[in-house]
Structures are given as C-alpha cells and as structure tokens.
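Trainee: I should like to learn how to read a protein fold step by step. May we work through one example together?

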Amino acid sequence: MSDNQFFFLLETLFNSIDDIRSAAIVSKEGLIVHSILEEGISDLNLAAMTATILSVAERVLTELKSGQLDVCIVQGDEGNFIVMDAGEDLIIAVCLDIDARMDTCFIEMRKISEQIKNIS
C-alpha cells in the first residue's frame, strides 16, 4: 500500500467523523505508517503507545477468555483515544473531542480497517 493510499484513508476518516483531532495508521511493531496529527503530538510516541495499548488489551481479553478485541477506548475528561486492529500488521488510532459521536467513529474506523485488510 502506498503513502497516498494511507493518506486517502485517513482523509476519509477526517471527512466522515465530526470532532476528530488526530488519526494514525501504525504498525504492530510500534512504527508510524502514516498520520494526520494535531500540532504538538509526536508521531513516534503515538505509534509506540498505540501498539502497546493494542497488545495489552488483546492480552487481557485472552487471559479473561473474552474473545477477540473489537475496539479499545481510552476515555479522558477532554477527549477519547480509540484503537482498532486493521489486519495482521496494522492498527488504526483516532483521537476525538469529548463530544464526538463514538458510534459514527466505530462504523467509519471499521470501514477503513476493512479497506486496509483488503489492500495489504
């Protein structure tokens, strides 16, 4: 998949989700693949934390015999961070304002995840 394809997918997220602040496609090794981030956010740090969050969340579900991870949400008092698997090697991460509609976000992230899975 080319950089242009990743950029297009992230642009699609931004056009589909109100109150989105940042979005990234990250490798499961914790490396940035492509991102559109608000000012002051380190793509390297975001990529590493995203991979760690996904790994820990999957491990928790395995230990609790609770199935496969669908979506991981970190809620703060000023915004939310959502992480979703996007195939064997990639992850989608999105930062939202606190008032953003989570249901719309999940739907749009799943669409992008499926597109990534079909292309890669």
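Mentor: Let us begin with a definition: helices (H or I, at least four residues) and strands (E, at least two) are DSSP runs, numbered from the N terminus. Please keep in mind that this is a predicted model. By that numbering, S113 lies in helix 3.

Trainee: Does S113 count as buried or exposed?

Mentor: Buried means under 20% relative accessible area. S113 has 2% relative accessibility, so S113 counts as buried.

Trainee: Which residues does S113 touch, not counting those up to four places away in sequence?

Mentor: Contact here means heavy atoms within 4.5 Å. Once residues up to four places away in sequence are left out, S113 touches M84, D85, A86 and I92.

Trainee: What is the order of the strands in the open sheet?

Mentor: Consider the pairings one by one. Strand 1 (residues 20-27) pairs with strand 2 (residues 32-36) over four bridges and with strand 5 over seven bridges. Strand 5 (residues 90-97) pairs with strand 4 over seven bridges, and four bridges join strand 4 to strand 3 (residues 72-75). The open sheet of five strands, with antiparallel pairing, therefore has the order 2-1-5-4-3.

Trainee: Which strands stand at the edges?

Mentor: An edge strand has a single partner strand, so one side of it is left without a neighbour in the sheet. The strands at the edges are strand 2 and strand 3.

Trainee: By how many degrees are neighbouring strands of this sheet turned against each other on average?

Mentor: Direction is ignored for this value. The average turn between neighbouring strands of this sheet is 15 degrees.

Trainee: Which residue of strand 5 is the bridge partner of V83?

Mentor: Strand 4 and strand 5 run in the antiparallel sense. On the other flank of strand 5, A24 stands opposite A93. In strand 5, the bridge partner of V83 is likewise A93.

Trainee: Which residue takes a positive phi in the hairpin of strand 4 and strand 5?

Mentor: This hairpin has four residues between the strands. The hairpin of strand 1 and strand 2 also has four residues between them, with a positive phi of about 90 degrees at G30 in the turn. In the hairpin of strand 4 and strand 5, the positive phi is near 110 degrees and belongs to G87.

Trainee: Why is strand 4 said to be largely enclosed by the rest of the structure?

Mentor: Strand 4 covers residues 79-85, a run of seven residues. Strand 4 is largely enclosed because the number of its residues that are buried is six of the seven.

Trainee: How many residues of strand 1 are buried?

Mentor: Strand 1 is mostly covered. Of its eight residues, the number buried is seven.

Trainee: Which strands does helix 2 touch?

Mentor: Helix 2 (residues 43-63) packs on the sheet, and its direction makes about 65 degrees with that of strand 4. The strands touched by helix 2 are strand 1, strand 2, strand 3, strand 4 and strand 5.

Trainee: Are helix 1 and helix 3 roughly parallel or roughly antiparallel to each other?

Mentor: The axes of helix 1 (residues 3-16) and helix 3 (residues 102-119) come within 10 Å and cross at roughly 165 degrees. Angles over 145 degrees count as roughly antiparallel. Helix 1 and helix 3 are therefore roughly antiparallel.

Trainee: Which residues of helix 1 make the contact with helix 3?

Mentor: On the side of helix 3, the contact is made by T104, E108, M109, I112, Q115, I116 and I119. By class, the contact has six nonpolar, five polar and one charged residues. From helix 1, the residues are Q5, L9, T12, L13 and S16.

Note on methods. Residues numbered from 1 in each chain as written. Predicted model: local features only at pLDDT ≥ 70, side-chain atom pairs only at ≥ 80, totals over all residues. Heavy atoms only, no water. Buried < 20%, exposed > 50% of the residue type's maximum accessible area, 1.4 Å probe, protein only. Pairing = 2+ DSSP bridges. Axes fitted to C-alpha atoms, helices over the stretch in contact; angles between N-to-C directions. Parallel < 35°, antiparallel > 145°, perpendicular 65-115°, else oblique. Nonpolar A, V, L, I, M, F, W, Y, C, P; charged D, E, K, R; others polar.
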